[in-house]
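User: Got a minute to go through this model with me? I'd like to start with one spot and then wander around.
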Amino acid sequence: MNSSNKLSLRSAILIGVCLQNAGYTLVRKYSTQTENVSSSEVLLVAEAIKLLIATWLTITSNENSDAQGTGIDKLKWLLLNSKKMFILAGIYGAMNILSFVALKHIGAGEFTICAQLKILTTAGFSVLIMRTTLSSARWRALALLVFGCILVASPSFSGVQRSDAMILQLFGYSAVLTEVALSGFASIYFEKVVKSTSEVVTIWERNFQLGIYSIIMYSGIILYGWNSSTNTRVPWSNWSLLTLLVSLLGAGGGLLVAATLKYADSIMKTLAAAGAIVLSTVLGNSHRS
Amino acid sequence: MIKLLKLSEQFFLIIESLPTGHFFLDGPLDLIVVIGGACTMIAIANYTLDTTPTAIISSPKPQGDDDGKV
């Protein structure tokens, strides 16, 4: 593939990520305001859709890959050689738990502000692990990006102050900062895996491996919720076409992430995501007006 | 400082004159969102248009001494 085709493909993927993120944010927001559906169920269905697409593409793809066998044998080989994706799925699980813990002790506004630091942690890990160099102009641009994202997200900050003890708030801040660091590390780790030249596995095969572990994780979360004594919801209730659309968009985002890391890099992904925040805010305000 | 204030005044007049200006100037919070959006777009443009090459540097291989010392 020549350089102009690569640039076109990269641009198309990044624009796709931006539009998908913005669309996902808006549709999910509308869905949560108008429907009473379990978010874990929505995420599980999104992972199932992603797994189905990745499985089909893995079986039918003719791309160069170190995966052995064809059809079901290939899927078995991928599952038995999925240590790297198991580690990544574990990191994502830890991030979910840390987010939950952090939001118990600090406000949503403070959480959102800290969450924007993942832009800088991604860049930091890119320098440390991928040994890329970033000019001072790019570092300044990233710092401005963090500032801009905080301002754009500011309408969602509530005025409710947490009254937890200082030690618990510090615990909450530690949790969110750890989650932010893990987020940056996970992005770079995934990028390093998909760009690896020692073990060549296509992005669809990587998505298949990751999808298996994600489904196990979300299934566990859902079963825990069903068995909880405080749960009064009927499982899989209130689903509609809108809910399915949210899951489809979520699945699309998951597939696009791997493509972004393959053909662009983690930092460009964060730029696209930041653009999506602005786009979804503008479209959200326009709809409200 | 006076120049900055006059520039800000001109900026607000321009925004207010636009058909969609009132969407963004209903209150201070919306203005903050506009500023944040502008900062984000400027940052994205600065990053993508920066032409400084970002080389992937490989670690230099350690060189052993000729006399066998570690």
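User: Is G148(A) buried or exposed?
Analyst: Buried: in this predicted model, G148(A) has a relative accessibility of 0%. The residue is part of helix 7 of chain A, which covers residues 136-153.

User: What does G148(A) touch, leaving aside neighbours within four places in sequence?
Analyst: Its contacts are G36(B), C39(B) and T40(B).

User: And how far is G148(A) from V278(A), C-alpha to C-alpha?
Analyst: Those C-alpha atoms are 9.1 Å apart, while along the chain the two residues are separated by 130 residues.

User: Switching to cysteines. How many disulfides are there over all chains?
Analyst: Zero. Take C18(A): the nearest cysteine sulfur belongs to C149(A), and that one is 11 Å away.

User: What about C149(A), where's its closest cysteine sulfur?
Analyst: In C39(B), at 10.0 Å. A disulfide would need the sulfurs within 2.5 Å, so that pair is too far apart for a bond.

User: Are those two chain A cysteines, C18(A) and C149(A), buried or exposed?
Analyst: C18(A) is buried at 17% relative accessible area. C149(A) is buried too, at 1%.

User: OK, charges next. How many salt bridges over all chains?
Analyst: The count comes to six. One of them pairs K74(A) with E205(A), with the closest N and O atoms 3.1 Å apart.

User: Which parts does that K74(A)–E205(A) pair tie together?
Analyst: K74(A) sits in helix 3 (residues 71-80) of chain A and E205(A) in helix 9 (residues 203-227) of chain A, so the bridge ties together parts 131 residues apart in sequence. As for accessibility, K74(A) is buried at 9%, and E205(A) is buried at 1%.

User: What does K84(A) pair with?
Analyst: With E199(A), where the closest N and O atoms are 3.2 Å apart. This pair also links distant parts of the chain: K84(A) is in helix 4 (residues 83-105) of chain A, and E199(A) is in the loop between helix 8 (166-194) and helix 9, 115 residues apart. K84(A) counts as partly exposed, at 29% relative accessibility.

User: Which residues are networked with K84(A)?
Analyst: E199(A) and R206(A), linked with K84(A) in a network of salt bridges. R206(A) reaches E199(A) with the closest N and O atoms 3.0 Å apart, and R206(A) is buried at 0%.

User: Let's look at helix 10 of chain A. What span should it have, and what does it have?
Analyst: It has 23 residues, 241-263, so at 1.5 Å a residue it should span 33 Å, and the end C-alpha atoms are indeed 33 Å apart.

User: Which residue caps its N-terminal end?
Analyst: S240(A), through a side-chain oxygen 3.2 Å from the backbone nitrogen of L242(A).

User: And which residues of that helix are buried?
Analyst: Among them are T243(A), V246(A), S247(A), G250(A), G253(A), G254(A) and L261(A).

User: Last topic, the hydrophobic stuff. How many residues are in the largest nonpolar core?
Analyst: It has 38 residues, and those with the most contacts inside it are L88(A), L142(A), L145(A), F190(A), L271(A) and Y47(B). Apart from it lies another core of eight residues, including A54(A), A67(A), W77(A) and V201(A).

User: Back to L142(A): what is it in contact with, leaving aside neighbours within four places?
Analyst: I119(A), L120(A), A123(A), L134(A), I267(A), L271(A) and Y47(B).

Key
Residues numbered from 1 in each chain as written. Chains lettered and ligands numbered in written order. Predicted model: local features only at pLDDT ≥ 70, side-chain atom pairs only at ≥ 80, totals over all residues. Heavy atoms only, no water. Buried < 20%, exposed > 50% of the residue type's maximum accessible area, 1.4 Å probe, protein only. Salt bridge = Lys/Arg side-chain N within 4 Å of Asp/Glu carboxyl O. Helix = DSSP H or I, 4+ residues; strand = E, 2+ residues; numbered from the N terminus. Expected span 1.5 Å × (residues − 1). Polar contact = N/O pair within 3.5 Å; in protein donor to acceptor, adjacent residues only side chain to side chain. Contact = heavy atoms within 4.5 Å. Core = buried A, V, L, I, M, F, W, Y, C linked by side-chain atoms within 4.5 Å.
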